[in-house]
Amino acid sequence: MVRCVEVFNEFYQTKTKHRKLTWIYSLGICNINGKFESKTIELVVTTYQASALLLFNASDRLSYQEIMTQLNLSDDDVVRLLHSLSCAKYKILNKEPSTKIISPTDVFEFYSKFTDKMRRIKIPLPPVDEKKKVIEDVDKDRRYAIDASIVRIMKSRKVLGYQQLVLECVEQLGRMFKPDVKAIKKRIKDLITRDLPREGQR
């Protein structure tokens, strides 16, 4: 999977120099074949879940700490993915001790006797609005970019009409992402509001 990412990165860089490619692995989806004793079942999982399951191709048993070290993920991410694979509807991994809570002292092994009537199953993560968090982070980054663009334009132009400022922001930011005119207007208003006390102090 790492090689695939590297190849696409190289390809992407030949197409554009103005956009940054960010990989959000927590939102990726993989289809992997689980070879159980009764039959092979296609598992539809996230990139993190797939990475955890693939570790059991090389080891029969793995501790929580070993999984966290090999995946290089945070505690929260490891707890979520291990809970989905050992404590939820589809128990692909056996957990010791057999409780509903994931602990740093737990040990996991591939459950070869797992079966299901379906040939293809989707294993969801516990409900945490990951997409919402990512969107919020992107919006935050874009707010900073819009603010920086407005300040740059006004420093170089000194005086500029409102609509012209919006248009120049759209043009400047268009090299990085598709800017939202409403967001730009909101940032202009916010910067004006924040600047008013300083104007009064001068």
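This tour goes through a predicted model, one selection at a time.

**Stop 1: the hairpin and its neighbour**

Select residues 29-35 and 40-46, which are strands β1 and β2. The two strands run antiparallel and are joined by seven bridges. Four residues separate β1 from β2, and together the strands form a hairpin. To check the register, label K35 and T40: K35 stands opposite T40 of β2.

Now add residues 120-122, strand β6. Here the pairing with β2 is parallel, through three bridges. L43 and I121 mark the register on this side, with L43 standing opposite I121 in β6.

Is β2 enclosed by the rest of the structure, or is it open? Colour residues 40-46 by accessibility. Five of the seven residues of β2 are buried, so the strand is largely enclosed by the rest of the structure.

**Stop 2: salt bridges around R61**

Across the whole structure, a search finds nine salt bridges. Start with R61 and show its side chain together with that of E96; the two meet in a salt bridge, 3.1 Å from N to O. R61 belongs to strand β3 (residues 61-63) and E96 to strand β4 (residues 93-96), so this pair ties together parts that are 35 residues apart in sequence.

Keep R61 on screen and add E109. The side chains of R61 and E109 also meet in a salt bridge, at 3.6 Å from N to O. This second pair links R61 in β3 with E109 in strand β5 (residues 107-110), 48 residues away in sequence.

Are these residues buried or exposed? R61 is partly exposed, with a relative accessible area of 40%. E96 also counts as partly exposed, at 39%, and E109 is partly exposed at 26%.

Next, select D106 and K95, whose closest N and O atoms are 3.1 Å apart in another salt bridge. D106 sits in the loop between β4 and β5, while K95 is in strand β4, 11 residues away in sequence. Both D106 and K95 are buried. Returning to the earlier selection, salt bridges with shared partners join R61, E96 and E109 into one network.

**Stop 3: a cis peptide bond and two positive phi values**

Most residues other than glycine have a negative phi, and most peptide bonds are trans. The next three selections depart from that background.

Select E96 again and step to P97. The peptide bond from E96 to P97 is cis, with omega near -5 degrees. P97 is placed in the loop between β4 and β5.

Move to N72, in the loop between α3 (64-71) and α4 (75-86). Phi of N72 is positive, near 60 degrees, and the residue is not a glycine. N72 is exposed, with 68% relative accessible area.

Then go to K158, in the loop between α5 (130-157) and α6. This is another residue other than glycine with a positive phi, near 65 degrees. K158 counts as exposed, at 64% relative accessibility.

**Stop 4: helix α6**

Select residues 162-173 for helix α6, which has 12 residues. From first C-alpha to last, α6 reaches 17 Å, close to the 16 Å expected at 1.5 Å a residue.

Which residues of α6 are buried? Show L165, V166, E168, C169 and L173. These buried residues cover an arc of only 165 degrees around the axis, which puts them on the same side of α6. An α-helix has 3.6 residues a turn, so residues three or four places apart point the same way. Rotate to the face turned away from the buried side to find the exposed residues L167 and E171.

**Stop 5: a contact across the sequence**

Select A183 in helix α7 (residues 181-201), then add R143. Their C-alpha atoms are 7.9 Å apart in space, and the two residues are 40 apart in sequence. A183 counts as partly exposed, at 26% relative accessibility.

**Stop 6: a nonpolar patch**

Finish at the surface with F8, F11, W23 and Y25, which make a nonpolar patch of about 390 Å². Of these, F8 lies in helix α1 (residues 2-15). F8 counts as partly exposed, at 36% relative accessibility.

Terms used
Residues numbered from 1 in each chain as written. Predicted model: local features only at pLDDT ≥ 70, side-chain atom pairs only at ≥ 80, totals over all residues. Heavy atoms only, no water. Expected span 1.5 Å × (residues − 1). Buried < 20%, exposed > 50% of the residue type's maximum accessible area, 1.4 Å probe, protein only. Arc of directions from axis to C-beta. Patch = residues over 30% accessible without salt bridge, like charges linked within 9 Å, V, L, I, M, F, W, Y side chains within 5 Å. Areas by Shrake-Rupley, 256 points an atom, 1.4 Å probe, with all protein chains shown as cover. Salt bridge = Lys/Arg side-chain N within 4 Å of Asp/Glu carboxyl O. Pairing = 2+ DSSP bridges.
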